[in-house]
Amino acid sequence: MAWRKSSFSGPGETNDCVELAAAGGEIRLRESDTPADILTTTPGRLGTFIHAVKAGTLDRLGR
């Protein structure tokens, strides 16, 4: 699987970040410092999550 990380995470392997990979119509997500733990979702559900984060809908969950 070809994992991709954000260009904001910087160069090298020591920059921990979220990585994404597309496989079989699904999106896989993992944290670079714990690569064995993988979440799987669909493009639509990931899009809904990203829109909610950008809109601030989930801000109250951390309080």
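**Note on Arg30, helix H1 and Met1**

1. Arg30 lies in strand S3, which covers residues 26-31. The model is a predicted one, and the points below should be read with that in mind.

2. Is Arg30 buried or exposed? Its relative accessible area is 18%. Buried means under 20%, so Arg30 counts as buried.

3. Which side chain makes a polar contact with that of Arg30? The partner is Glu19, and the contact is 2.6 Å. Glu19 also appears among the residues in contact with Arg30 once neighbours within four places in sequence are left aside. The others in that list are Trp3, Cys17, Val18, Pro35, Asp37 and Ile38.

4. Met1 sits in the segment before strand S1 (4-5). Its relative accessibility is 56%. The cut-off for exposed is over 50%, so Met1 counts as exposed.

5. What does Met1 touch, apart from neighbours within four places in sequence? Its contacts are Ala21, Ala22, Ala23 and Arg28. Leu20 is 19 residues from Met1 in sequence, and the two C-alpha atoms are 9.7 Å apart in space.

6. Helix H1 runs over residues 43-55, which is 13 residues. At 1.5 Å a residue, H1 should span 18 Å. The expected span is 1.5 Å times one less than the number of residues, so the last residue adds no further step. The end C-alpha atoms of H1 are 18 Å apart, which agrees with the expected span.

7. What follows H1? The next residue is Gly56, and its phi is positive, near 85°.

Notes
Residues are numbered from 1 along each chain as its sequence is written. This is a predicted model: local features need pLDDT of at least 70, side-chain atom pairs count only at pLDDT 80 or more; totals for chains, interfaces and linings use all residues. Side-chain values use heavy atoms; hydrogens and water are left out. Helices (H or I, at least four residues) and strands (E, at least two) are DSSP runs, numbered from the N terminus. Buried means under 20% relative accessible area, exposed over 50%, partly exposed in between (1.4 Å probe, protein chains only). A polar contact is a pair of N or O atoms within 3.5 Å; within protein, one must be able to donate a hydrogen and the other to accept it, and residues adjacent in sequence count only if both atoms are side-chain atoms. Contact means heavy atoms within 4.5 Å.
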